[in-house]
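Work through the exercises below with the model open. Each task is followed by a solution in steps.

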Amino acid sequence: MVGANIQAAISHLQQGHLVAIPTETVYGLAANAFNPEAVAQIFAVKNRPAFNPLIIHTNNLSRLQEWGLNLPEKMLQLAAHFSPGPLTYVIPKSDVIPDIVTAGTQAVAVRIPNHPLTLDLLSKLDFPLAAPSANPSGYVSPTTAQHVNQQLGHVIPYILDGGACEVGLESTIISFLDHTPTLLRHGGVTLEQIEQVIGKIIDKPGQSGDDILTDNPVAPGQLAKHYATKHLLIHDDPALHFNKFNPLKTAVISFKTIYTQVPPQFQFILSSKGNLAEAAQKLFAVMRLVDTMEVDVILAEKFPDEGLGKAINDRLKRASVI
Ligand code: TXA
Ligand code: MG
């Protein structure tokens, strides 16, 4: 069921059921993080490999400390700027966090999402919520309650509808396990914004669980392919590929350029003003929409390699892996 009833969401979560929750990034598939059986259902419903750990969500930092977590100094500096917000911190875990949440590792990822409904929900729970994006493993993340309902509505009891996600891309993940903080995934907070607060960090995206980009994966979830559409997606200058496909069955996802080579209904311009935040907000909804159309291929531009453009390019690159 889809609705905006916080009490219903609370009651399901307390009983160990799954509830989809809105955040500013993407919708999450949430369970009581302290209840291993509830968390196990997340893995089952998403068909997610058990070695891929989950982010835990709560409404303020002091609760993390109550749960035995030590918050590093640089994390606190970042949190003062970006939490609540699209930034996830990987820190040493405490004993109260079940192993299933961290996939047996000694580190836990934590985030304070910035969505009024979900902050209200989290403040009324006496446990954090473990929540990956609410999509089948490997597919594009959902940015509306309807996206979640289309794919998972029949297997979860409640979807809390908080409207369309404002950021539209997952959180940035930064690890504090080593001396110098390391960026593991580009996302809603940019590298530039982070470095303005804590100085140079190591930019090593692709090192977190299901996001590892490698030619020699040691486990299935570490494959580069992710955020993928069913249709073939090519992440390159579209002009180099038009001659290889039937133009009447070719879609284009572009930043602001109009491509007259394809029919107008197959052209998706993410921000005619050239605004990366607007493009990021629309990206996943457009990828899902174009995936429902009768096309042979999706040609997606390379976005400017700066700010949110890095996160957009990362998602398109992973979607393009065959
Ligand atoms: O914006 C977001 O982060 C959304 C919303 C729902 O909060 N969540 C999300 O979760 O994108 P998910 O599970 O789809 O992606 C989380 C990523 C995965 O690549 C996972 O491997 C990584 O975070 N991760 C989680 N715990 C980790 C840990 N302890 N160490 C390293 N990476 C971790
Ligand atoms: Mg995900």
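A pocket is an open set of grid points with protein on both sides within 12 Å along at least five of seven lines, on a 1 Å grid over the protein atoms alone. The model used here is predicted.

**Exercise 1. Describe the second largest pocket and its lining.**

Step 1. The volume of the second largest pocket is about 180 Å³. Its lining has 10 residues, and those closest to the centre are His 186, Pro 205, Lys 310, Asp 314 and Lys 317.

Step 2. Sort the lining by residue class: five residues are charged, three are polar and two are nonpolar.

Step 3. Ask which element gives the most to the lining. That is α10, with five residues.

**Exercise 2. Determine how far α10 is enclosed, and by what.**

Step 1. Helix α10 covers residues 308-320, 13 residues in total. From first C-alpha to last it reaches 19 Å, close to the expected 18 Å.

Step 2. Apply the cut-off for buried, which is under 20% relative accessible area. By this criterion 12 of the 13 residues of α10 are buried, so the helix is largely enclosed by the rest of the structure. Among the buried residues are Lys 310 and Asp 314, both of which are also among the residues closest to the pocket centre.

Step 3. Identify the cover. The elements over the buried residues of α10 include β10, α8, β12 (232-235), α9 (276-291) and β15 (297-300).

**Exercise 3. Place His 186 and list its surroundings.**

Step 1. His 186 sits in the loop that runs between β10 (182-185) and α8 (191-198).

Step 2. Is His 186 buried or exposed? Its relative accessible area is 9%, so His 186 is buried.

Step 3. Leaving aside neighbours within four places in sequence, the contacts of His 186 include Lys 310, Ala 311 and Arg 315, which are buried residues of α10. Ser 171, Thr 172, Leu 191, Asp 203 and Pro 205 are also in contact with His 186. With Asp 203 there is a polar contact between side chains, at 3.3 Å.

**Exercise 4. Find backbone features in three loops.**

Step 1. The peptide bond from Ser 83 to Pro 84 is cis, with omega near 0°. Pro 84 belongs to the loop between α4 (73-82) and β5 (87-92).

Step 2. Asn 47, in the loop between α2 (36-46) and β4 (55-57), has a positive phi, near 60°. Its relative accessibility is 64%, so Asn 47 counts as exposed.

Step 3. Ala 103 has a positive phi too, near 55°, and is found between α5 (99-102) and β6 (107-111). With a relative accessible area of 22%, Ala 103 is partly exposed.

Terms used. Residues are numbered from 1 along each chain as its sequence is written. Chains are lettered from A and ligands numbered from 1 in the order in which they are written. This is a predicted model: local features need pLDDT of at least 70, side-chain atom pairs count only at pLDDT 80 or more; totals for chains, interfaces and linings use all residues. Side-chain values use heavy atoms; hydrogens and water are left out. Helices (H or I, at least four residues) and strands (E, at least two) are DSSP runs, numbered from the N terminus. Buried means under 20% relative accessible area, exposed over 50%, partly exposed in between (1.4 Å probe, protein chains only). A polar contact is a pair of N or O atoms within 3.5 Å; within protein, one must be able to donate a hydrogen and the other to accept it, and residues adjacent in sequence count only if both atoms are side-chain atoms. Contact means heavy atoms within 4.5 Å. The expected span of a helix is 1.5 Å times one less than its number of residues. On a 1 Å grid over the protein atoms alone, a cavity is a set of points where a 1.4 Å probe fits but cannot get out, and a pocket is an open set with protein on both sides within 12 Å along at least five of seven lines; lining residues have an atom within 4 Å of a point. Grid points are joined across faces, edges and corners, and a volume is the space filled by probe spheres set on the points. Ala, Val, Leu, Ile, Met, Phe, Trp, Tyr, Cys and Pro count as nonpolar, Asp, Glu, Lys and Arg as charged, and the others, Gly among them, as polar.
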